[in-house]
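Visitor: Walk me through a few labels. I would like to see how each one is earned.

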Amino acid sequence: MSGREAILGNIRKGLKRSGPLAGTALELCQTRLREHRPNLIPARAQLPHAGQVELFVQMAQEASATVARVTERAAVPAEVARYLADIGFAAEAIVAPDASIAGLDWSAAGVATEARHARNGDRATVAPAFAGIAETGTLMLLAGPQSPTTLNFLPDAHIVVLDAARIVGPYEDAWAMLRSERGEGWMPRVVNWITGPSRSADIEQKLQMGAHGPIRLHIVLIGD
Amino acid sequence: MQITSPRFKQNAHEALGDAALQRALGNLKAGFPGKRAAAVARMPEFEQLRDAARDLKNHILEHLDFYLETFEANVKRRGGHVHWARDAEEARAIVLDICRKAGAKTVTKGKSMITEEIGLNDHLAANGIEPIETDLGEYIIQLRGEHPSHIIAPAIHVNLDQVSDAFHAHHGKYGKTERQTEPRALMNEAREILRDKFIAADVGITGANFCIAETGTTVIVTNEGNGDLTQTLPRVHVAVTSIEKVVPTLEDATLLHRLLSRSATGQEIEVYGTWSSGPRRPEDPDGPAEYHVVLLDNGRSNMLGNEFREMLRCIRCSACMNHCPVYGAIGGHAYGWVYPGPMGSVLTPAFIGVEQAGNLPNASTFCGRCESVCPVRIPLPKLMRHWRAREFEKHLTPQGFRFGLGVWAWLARRPKLYRLATQVATRVLKPLGGKTNRIGSLPLAGGWTAWRDLPAPQGRTFFEQWKDRQQAGGAK
């Protein structure tokens, strides 16, 4: 008997069932998967949009991200130039190939860019967020050719561009957005939830930023 | 790893006398419980979330075969592979086979207690493949030749100067000859050295906190980002996990997410929650070309059918050990195998046998702090008591203990005699307490008084006082 059959058989024995799930119980489980209903959503996450944006900024900053607000997308390169100068980095960044990022006028802001996935040694990257989750100041990014996931982990400074209109209250609303925009059952290869920069407290429980991932996380928030 | 659970008492004794360990355990007690309490205070629905998580987990366990098969089908649909391992040996063989087929020389590892449970590192090393732990805490203890002493803070028993020593001893070959003494500098050194390891590795091995049936997704939860570099850069990603980690939907995993970090470190949420669905797609510029999930049973399916089923709700947050006075006094290594603290005292006898691990569930006062903080409301004291019963049934407890328990049981079934005996005992013991009302040494109770004083009885038994109180109340 294969491991698979032995394990499933022993599970059924423990559940006092002789075969696979059937009848009403099976239908209930299938319905549960199909409906994927949210569970309890905390009151904190249920706010009008303006409150969600404020909460997102507050929680992201609490998690040691920095947040800069710009009024329009065209202002993103200038903000990135300002930020890189501010932290003492060269005016260079690897940007996500996504048109919303790579298509901006970077040269006008004096930032040298390459649109590709990240490689070891890249110091700063710019990537687009799919959504922002106000509840905990969490960014949600989708991996794919337009937004390679290495951009999120290899640099020292990770810059994420987020449209304020895409800030939702709870995580569940971000899943709903993914399902409605990309289709039921579709998942990117990786969904990254990112809340603040990398950290570790493994040495004497003292928190240090920048363990393996980015030492800094900067969020450029467009509009309100 | 070598199992030392049978010599638990000796381990605990040594741990209590280990000054460096006691200093390190102070960091734990000063940190996690207060941070958890603060996070819980900010989430008014926390108790309701715990109820919902308990109910969700119970539902999953009742339909575990269905959700596992659905998970498997969805992983395959996305081009991934699912392997089922009945026990540790099968799991090790599966991972080794994947590594061999990948021609692996080195593998990087994200933090995974399941790979500790199956003893993966030793097995890979014995077969010529170098495993490299990349979580900072895991890396520190790997250099020191140790195993984790805590399920989320594996190096909690190590002090700063010991980290300095370990890095100084091992990093010379990378040109790092200066002994660093600041946490920041030590972490930077590890970051630099491990970055090259991530790039060079052929296979990346992680655990998985959740496996989502609906989408065929595995989820890892980290703060360092090492798990992501581990699973993104090598050509092959293997997620080694266990059968009870499956959840129905993204929404269900989200419910457990709200509880996990708050219960563990007191964070609102971890830094990186990574939801992986299959291998690199044709148009992808990065990510692993192969994606494997290993589902380990190793005794879990047996627990579904016995009195330990509730233990399978565990989401490995570590709140129980962070709040346990026994863990706080002796640390994790004393427990003698992979899982320490209250959850370990229930799991270890299930995995390695009550014959070897019977002392673990005995080392509890049943104070109940573990159950009071468990995010999925596992009745840990009750489950430990079940092990005590089994140990007794199997005649594993010492003769003297069984005799004493027999005498007590005989007496307890004779209430009049019991009350008389306790009346006599309290009156005999009271004067032994002297001025301090504490008894420093007592015949037949040396096991107790060798380490602490016995508070002297105050002269009258509970039943006597209760009777007085009832009569006084009745007179009103």
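Visitor: Why does Phe462(B) count as buried, partly exposed or exposed?

Guide: This is a predicted model, where local features need pLDDT of at least 70, side-chain atom pairs count only at pLDDT 80 or more, and totals for chains, interfaces and linings use all residues. Residues are numbered from 1 along each chain as its sequence is written, chains are lettered from A and ligands numbered from 1 in the order in which they are written, and side-chain values use heavy atoms, without hydrogens and water. Phe462(B) has 61% relative accessibility, so Phe462(B) is exposed (buried is under 20% relative accessible area, exposed over 50%, partly exposed in between, with a 1.4 Å probe and protein chains only).

Visitor: What makes Trp466(B) partly exposed?

Guide: Its relative accessible area is 42%, so Trp466(B) falls in between the two limits.

Visitor: How many aromatic pairs does a search of the whole structure find?

Guide: The count is 15 over all chains. One of them, Phe462(B) with Trp466(B), is stacked.

Visitor: Why is the pair of Phe462(B) and Trp466(B) called stacked?

Guide: Rings of Phe, Tyr and Trp (its six-membered ring) pair if their centres lie within 6.5 Å; planes under 30 degrees apart are stacked, over 60 edge-to-face, the rest tilted. Here the centres are 6.1 Å apart and the planes differ by 15°, so the pair is stacked.

Visitor: How do you know that Arg419(B) sits over the ring of Phe463(B)?

Guide: The rule wants NZ of Lys or CZ of Arg within 6 Å of the ring centre and within 35 degrees of the ring normal. Arg419(B) lies over the face of Phe463(B), 4.1 Å from the ring centre.
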